[in-house]
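Please load the structure in your viewer and keep the selection panel at hand. The tour proceeds by selections, each followed by a description of what is found there.

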Amino acid sequence: MKTYNIAVVPGDGIGQEIVPEGIRVIDAVAAGYFKCDYTFFPYSAEHYQKTGEFMPSNALEILRPFDAIYFGAIGHPDVDDTLPATRYTFRVRKGFHQYVNYRPIKILPGVPSPLRAAKAGEVDFVIVRENTEGEFSETGNIIHPETPGGFAIQTSIFTRHGIERVAHYAFQLARKRKGLVTNVTKSNTLIHSMLYWDQLIGDIARAYPEVKYERMYVDNASANFILRPQHFDVILTTNMIGDILSDLGGALMGSLGLAPSGNINPEKEYPSMFEPIHGSAPDIAFKGIANPVSAIWSGALMLEHLGEDEAAQRIEAAICTALSDRSNWPADLGGTTATTDVTDSIISVL
Ligand code: NAI
Ligand code: MG
């Protein structure tokens with residue numbers, strides 16, 4: 001039987017609660033068809049508190065041979081919150097050239113969006129976020145912070161290579177979907193970095209004449225997320241804009257607790273990493289009430305990436321069926337169902 005080797009990094013807070021739920025669902029859908037072998041890694045802010053490091057210096061070498069990485073979230077209220085991204089997330093995303101952050105936003109049948117006009121089936125788009133450079137480049141410094149002349153600089157880095165590769169991914173994705181790419185930037189004010197981005201993407205758009213291409217500034221795009229989310233198909237955007245818009249997308253779906261993502265290395269030269277779009281949610285951690293759907297759906301994206309399309313579709317369908325019954329709703333959707341019981345309801349549909 002085909003076996004996939006999965007590195008599991010539950011991380012902190014609710015990551016430790018919902019990643020095991022995702023594994024239960026993956027095992028349920030895999031039974032009889034394929035197998036996943038899981039190796040757990042403690043990389044997290046909690047691990048940093050105990051050992052002084054988020055992950056060992058050779059962690060990328062350790063993770064490299066795996067077929068995929070299944071991740072929760074990291075960040076702990078007692079740990080400097082500038083560290084989790086730079087010591088773990090950015091290292092994996094950049095080190096493994098996971099230059100596409102794939103974030104599907106769709107309204108599920110049975111789960112009402114907070115937007116009256118947004119209906120299941122009509123709102124179904126993907127945010128393709130550039131995931132390795134842009135505004136989240138770590139170049140910069142804080143100079144003489146304690147003095148009256150203190151200042152900080154942080155430089156965005158946009159490279160031709162980085163822009164073009166994610167653009168090709170977005171146009172190829174749109175070709176398989178509804179055929180519209182919306183490029184979201186703020187090039188009217190970030191007149192160097194994002195103008196270069198727009199110019200290169202405009203050139204690439206011409207190589208995909210069958211895909212409709214449009215540009216939209218992020219302020220207008222945020223308004224359109226609320227006013228006409230039905231409009232979008234593939235949103236191609238930069239690292240920070242994609243980060244912000246995808247939390248808004250999660251809210252459109254009804255809760256961040258539903259929203260999955262994949263950090264994808266399309267060439268499959270390196271393992272890709274799958275994680276909810278949200279963080280470690282310390283405000284609700286270890287109460288048994290977190291919504292596991294974000295992690296379960298991220299698991300489905302992982303199986304799709306591994307070539308198990310049917311298993312992925314079955315998980316997504318089971319999520320929809322389970323959630324169309326309000327008695328399976330967790331607290332963030334306004335219900336009272338505990339994390340593990342939400343998972344049980346999905347497994348029983350499977
Ligand atoms: P968050 O996404 O952890 O939480 C935002 C709100 O959404 C909270 O009220 C939380 O309870 C709720 N929420 C999130 N996921 C939920 C779920 N599955 N079920 C029910 N409710 C859910 O964002 P926040 O509070 O800004 O950050 C908390 C920590 O997570 C910080 O340390 C931050 O740095 C870290 N973080 C880590 C990320 C990662 O590892 N990729 C991404 C975003 C934040
Ligand atoms: Mg985020």
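The stops below cover helices, a central strand, a ligand site and several individual residues.

**Helix α1.** Please bear in mind throughout that this is a predicted model. Begin by selecting residues 15-30, which form helix α1. With 16 residues at 1.5 Å a residue, the helix should span 22 Å, and the distance of 22 Å between its end C-alpha atoms therefore agrees. Colour the helix by burial: G15, E17, I18, V19, E21, G22, I23, V25, I26, V29 and A30 are the buried residues of α1. Then step just past the end of the helix to G32, where phi is positive, at about 90 degrees.

**Helix α5.** Next select residues 160-176, helix α5. The same check may be applied here: 17 residues at 1.5 Å a residue should span 24 Å, and the end C-alpha atoms lie 25 Å apart, which agrees. Buried positions in α5 include the glycine G162 and the aromatic residues Y169 and F171. R165 is also buried, as are I163, V166, A167, A170, L173 and A174.

**Strand β10 and its partners.** Select residues 234-237, strand β10. In a regular strand, side chains alternate between the two faces of the sheet. Which residues of β10 lie on each side? V234 and L236 are on one side, I235 and T237 are on the other, and all four are buried, so both faces of the strand are covered.

Now add residues 124-130, strand β5, which runs parallel to β10 and is joined to it by 4 bridges. Within this pairing, V128 has L236 of β10 as its bridge partner. Add also strand β8, residues 180-185, likewise parallel to β10 and joined to it by 4 bridges. Here T182 stands opposite I235.

**Ligand 1.** Select ligand 1 and display its surroundings. There are 21 residues around it, of which I74, D81, G279, A281 and D283 come nearest. By class, this shell has 9 nonpolar, 8 polar and 4 charged residues.

Three side chains deserve a distance label:

- D81: a side-chain N or O atom is 2.7 Å from an oxygen atom of ligand 1.
- D283: a side-chain N or O atom is 2.8 Å from an oxygen atom of ligand 1.
- H278: a side-chain N or O atom is 3.2 Å from a nitrogen atom of ligand 1.

Taken alone, ligand 1 exposes 820 Å², and the protein buries 69% of that area.

**Two residues with positive phi.** Most residues other than glycine have a negative phi. Select H144, which is not a glycine yet has a positive phi of about 45 degrees. H144 is placed in the loop between β6 (140-143) and β7 (151-154). Is H144 buried or exposed? Its relative accessible area is 54%, so H144 is exposed.

Move on to K268, another residue other than glycine with a positive phi, near 60 degrees. K268 belongs to the loop between β11 (260-264) and β12 (272-276). At 51% relative accessibility, K268 counts as exposed, the cut-off being over 50%.

**R103.** For the final stop, select R103 in strand β4, residues 100-106. Its relative accessible area of 2% is under 20%, and R103 is therefore buried. Show the side chain of N101 as well: the side chain of R103 makes a polar contact with it at 2.9 Å.

How values were computed. Residues numbered from 1 in each chain as written. Chains lettered and ligands numbered in written order. Predicted model: local features only at pLDDT ≥ 70, side-chain atom pairs only at ≥ 80, totals over all residues. Heavy atoms only, no water. Expected span 1.5 Å × (residues − 1). Buried < 20%, exposed > 50% of the residue type's maximum accessible area, 1.4 Å probe, protein only. Pairing = 2+ DSSP bridges. Near = heavy atom within 4 Å. Polar contact = N/O pair within 3.5 Å; in protein donor to acceptor, adjacent residues only side chain to side chain. Areas by Shrake-Rupley, 256 points an atom, 1.4 Å probe, with all protein chains shown as cover. Nonpolar A, V, L, I, M, F, W, Y, C, P; charged D, E, K, R; others polar.
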